[in-house]
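Please open the structure in a viewer and keep the sequence at hand. The tour below proposes what to select at each stop.

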Amino acid sequence: MSVWNYVVTAHKPTNVTHSCVGNFTSPQELNLIVAKCTRIEINLLTPQGLQPMLDVPIYGRIATLELFRPHGEAQDFLFIATERYKFCVLQWDAESSELITRAMGDVSDRIGRPTDNGQIGIIDPDCRLIGLHLYDGLFKVIPFDNKGQLKEAFNIRLEELQVLDIKFLYGCSKPTIVVLYQDNKDARHVKTYEVALKDKDFIEGPWSQNNLDNGADLLIPVPPPFCGVLIIGEETIVYCSANVFRAIPIRPSITKAYGRVDADGSRYLLGDHAGLLHLLVITHEKEKVTGLKIELLGETSVASTISYLDNAFVFIGSSYGDSQLVKLNLQPDAKGSYVEVLDRFVNLGPIADFCVVDLERQGQGQVVTCSGAYKDGSLRIVRNGIGINEQASVELQGIKGMWSLRSLTDDPFDTFLVVSFISETRILAMNIEDELEETEIEGFCSQVQTLFCHCAVFNQLVQVTSSSVRLVSSTTRELRQEWNAPSGFSINVATANATQVLLATGGGHLVYLEIGDGTLTQAKHAQLECEISCLDINPIGENPSCSQLAAEPLGGEIIPRSVLLCSFEGISYLLCALGDGHLLNFQLNLSTGELKDRKKVSLGTQPITLRTFSSKNTTHVFAASDRPTVIYSSNKKLLYSNVNLKEVSHMCPFNSAAFPDSLAIAKEGELSIGTIDDIQKLHIRSIPLGEQARRICHQEQSRTFAICSLKTHSNAEESEMNFIRLLDDQTFEFISTYPLDTFEYGCSILSCSFSDDSNVYYCVGTAYVLPEENEPTKGRILVFIVEDGKLQLIAEKETKGAVYSLNAFNGKLLAAINQKIQLYKWMLRDDGNTRAAV
Amino acid sequence: MWREIRDREAGKTRPNSFKNRVSSSRIFDLQLSNYKDVVSPHRGSINSLQVDLTEGRYLLSGASDASASVFDIQHATDFEGGGEGALIAKHKSLITIDKQHQNGHKFAISSAIWYTIDTGLFVTGSYDHYIKVWDTNSTQMVMNFKMPGKVYRTAMSPLATSHMLIAAGTEDVQVRLCDIASGAFAHTLSGHRDGVMTVEWSTSSEWVLVTGGCDGAIRFWDIRRAGCFLVLDQSQSQLGRRPPLLARSAVNKVSTSKALSKGQNISVKPRLPQKKSGSGNGIKHSPIGQIPAKGSLKQRLHPGMLSSQDRATAHYGAVTGLKTTEDGMYLLSAGSDSRIRLWDVKSGRNTLVNFETARLQTSKPIQLATTQDSNLVFVPCMTSVKAFDIWSGRTRVTFRGHYEYVNCCWFSSQDQELYTGGNDRQILVWSPARLISNEDASPAEDQDNWSD
């Protein structure tokens, strides 16, 4: 049998690269459109917050995302260009709530050198043309015609060598670009060009400005009435237009993103590389700019994009940390920050390293990633499967079965929870204080184990014990009729629905009872050749009481423990769980009773009990075993999803008023009630570190993680500190820290043991990165042992280069040092542990 | 390097610019290779070097002893211990065609180039007036073209998909295009007034050929049309190409020094209707410079160009080398006036970059090379090869290794390696420095470094 691997994306991209705000879906609605690598998300601004409307994959990484409004249109269009040189113009179709592609095309050139500083895509504020800077020395123009349609693109030669930013100026009679560039002496200048569409060339623009701040990196065009441009440098901010020049010094910072607050462009939000948010105000007298003011507002994630939404709400999109929805307050809080974070949007990127661990020993791996960068660095624990949000739990030992019952047949909520033990049956009910309380139903026999319980028609309840079937009124709670098993036989298994009871007694006897108003009548009796191990009677489809006859030799030695008939998406299935944790499923033909499409999957190693439940109006099946699984159907295919629980012995849906849509789950020694998460979702837990983790590894024996991390101090001189940190694998707290030398960086980490030594060690490879060296020529291999939750340095070995990678190899240590691979042997010396290079 | 890896890891630098940075940092590290050696079988000066364009694996050399050889530069034929643990890979020629070959050239091979589509064919041009096309696998000649004079340079378009033309520059004033498909001359391009030292196809259009002659002219030809459409003029510079907005009607009226306003640091400079014109007077602003678009350019100048433009020269003396940058936007030319000039291809103007060349060979065509990111140009300057920054003209690296004049160089952007060949019959390999640390210090010594 050939083995095929397939790749699926478990989690959509989360790194927010671009965002924009505009009236995209309707002239009245304000939308936030967010680009996450290869996806765009369209959100609607509502008083309750951001409401997602559509999530669209784009084939290619998004390089440009711009909203624009051609003349005569009531709402905005979206322009997207990808890094693969494709572009499209999208429009919202209100009727179908989908996107319509207005225009699309390819803007690649056969030759040309892709720009180093990233692609630039800009749209003229008067919608006369789209400008793209994709290749060095070329400015591509896609003009609009009078009707707002795109015309054929052409290139204009741009002599500036290193273009840092290009923007369109506002308020110009001809489309005018302003270009920030660096010459070959590394000085930075801005220059303006008018685009002459007829001649397909540039004309020197109205002004230029030489010798700017050497860190000038960003241009912000200022809309009318000022119509100038702000040049954001590392140490100065300059406002520049044909006849006005204003500059202010700022604290050294690298501005990464900006967002315009007012339509007239007098206030801007600037986000810098340290995550500080500033407000830049253009002071003016009428239409004349008199100066600039800058004020620190507070700290956010390191922004890659800033979108001012409305009413002081701001979306901060980040590539290095979680994206945030923040509110700017008029008054500072206790810490002097005007920024209040209202919502966070998880971002896993950039993932520098990860390890797969099985912390809870469920046999299900979790991924622990080193996510984020700089101050937003964090560890994220990503796990697959379905989470149960536990809401209540009771300690109860030895549960053998559980069923929920309603007090009235048409009551929407469950009231009773019948819990069966080996020699008794207890009934729990919700009391007025929404607590579970033990009660009694007089008609039930509570001294024996219950085999099955169900609500029946005419406000009745059915209890099946090993000796009898009892029909109890749910209103008076009194016994109405009892059907006793024939003497000499005891009921082994039983099942029931609202009108029928099916039970098996020893010797292969199958008895079928019908429930009437206060009556139990034995309708049929059959004797099968073998002993019956499990039964299910569940109405499916239109034909609930059809007596189905089909036999399928299961083969094998394993006894089936649970069968279930159910239908997913209109297809009926017969599920049969075996005692060894395997599950067989068949498609069931309702009219002929035929079984086909036998499939076998392994869910665990212990006997499985199957139960249906519904969540969000769809039916799912819960398979309780040592690895609880939810079976559901998607696109007419049965899918299996792990539940993040350890062994579950029984489960029943329990939809009470206090715990709507909940499940009662019997675990080892415990009964808990909880709701179920969305099916098929990754669960992410964040452990913020405040520093960037670069390498991670887990040590099973000491139950710890070790990380190489890097702390950046964002004061004036960029100083960095490197650490090896030890974390507890349950609490994720730092237990121990080993600081590395200055200029020493952790490059690799490994947990391994050596031959002739039973201890397990952490090995760390480092490099001394001296600013004057092109490639490290010195590094270390450090060997640590974890003792009493402390990192103890056992041995260290200097290397002649950076230890880029470490690996265990036949009880020795294999190290990749610069361009070489070296093998190290662990040797015991008289005075202690020693290693030697081999 | 370290910082770049880290920035890449954090997603700060894009994969593309990371790649560019690493390769350009490797280029600045170029030195005489301490691990790779090409064993030259030639007994004459090496005139031409080329690595094939498809695999980047086979180096073709042509030499004055009428021999041409092919080397595998990826896989060494044998190794030689260079002491201190460093191995030197020896690359010996796989095939050599010399005078002994039944169809071999009689005189010096001036040019040896690969067929651009694959390595199945290569083309040699020789002073014996022949251009020969060879089958690489059988080392047999498959075609030959008799030229009217000594062949100086041959070229095939790296882009061509619809033609298989060998452009040949010879002693004759006409440039000939030899068609491999038919075995005949497809075109003769007349215009030069002296022999044609160098030919180069455009890297942006498969129809555009650039030729440089001993008359000092560089001509651009669209091979689909008659005559040349552009003659480069060294006195046409970029300044004033785009008339300033306010002064479009009154170009070049007053010539004021721009330096005055340049001196002011941060101050707004509304562009006044004064602009220093490139060449000083308006008459020289002949139509070539002001052609805004390609279409009109051809119509206006084609085919009967004004004789004044037709006489324009790019160099004083012969044009000895031509090289287009990989993005097709610039052309570099070397002349016997010991100058390198950088031309903007689209406008056809001299960018006036002053390359710090000392002296160039004057009597022979030289072969230039550029890096992929068009930042450096490698120029054989007498016995050394100099790497100039294209935009500033400054010397970045000087490669001294040849004992006699260097004729040709080839840069392999795949491995960031430079191959040079000269009159001393050597082919030298210049590669990024590889750390060969003397780690042969005995392991026993190392043990003492341990701290417990």
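**Stop one: chain A as a whole**

Select chain A and colour it by pLDDT, the predictor's confidence in each residue, from 0 to 100; the mean for chain A is 84, and 93% of its residues reach 70 or more. Over residues 540-555 of chain A, however, the pLDDT is below 50, and this stretch has 19 contacts in the model beyond near neighbours in sequence. Two residues are in contact if their C-beta atoms, placed from the backbone, lie within 7 Å.

This is a predicted model, in which local features need pLDDT of at least 70 and side-chain atom pairs count only at pLDDT 80 or more, while totals for chains, interfaces and linings use all residues. Residues are numbered from 1 along each chain as its sequence is written, and chains are lettered from A and ligands numbered from 1 in the order in which they are written. The model scores ipTM 0.78 and pTM 0.77.

Now display chain A as a cartoon: zero helices and 68 strands are assigned. Here helices (H or I, at least four residues) and strands (E, at least two) are DSSP runs, numbered from the N terminus. Along the principal axes, the C-alpha atoms of chain A fill a box of roughly 105 × 85 × 60 Å.

**Stop two: residues 16-345 of chain A**

Select residues 16-345 of chain A, where UniProt, in an unreviewed entry, places "domain: RSE1/DDB1/CPSF1 first beta-propeller". Such annotations may be inferred rather than shown by experiment; their positions are given in the numbering used here, and feature names are shortened. The span is 0% helix and 58% strand, with its end C-alpha atoms 10 Å apart.

**Stop three: A:Glu235**

Centre on A:Glu235, in the loop between strand 18 (229-232) and strand 19 (236-240) of chain A. Is A:Glu235 buried or exposed? A:Glu235 counts as partly exposed because it has 13 C-beta neighbours inside 10 Å. A residue is buried with 20 or more other C-beta atoms within 10 Å of its own, exposed with 12 or fewer, and partly exposed in between. Show also the residues that A:Glu235 touches beyond four places in sequence, including A:Asp213 and A:Pro252.

**Stop four: chain B**

Move to chain B, whose mean pLDDT is 80, with 79% of its residues at 70 or more. Residues 189-224 of chain B are among those that UniProt lists for "repeat: WD" (unreviewed entry); this span is 0% helix and 50% strand, and its end C-alpha atoms lie 11 Å apart. Finally, select residues 247-304 of chain B, where pLDDT stays under 50.
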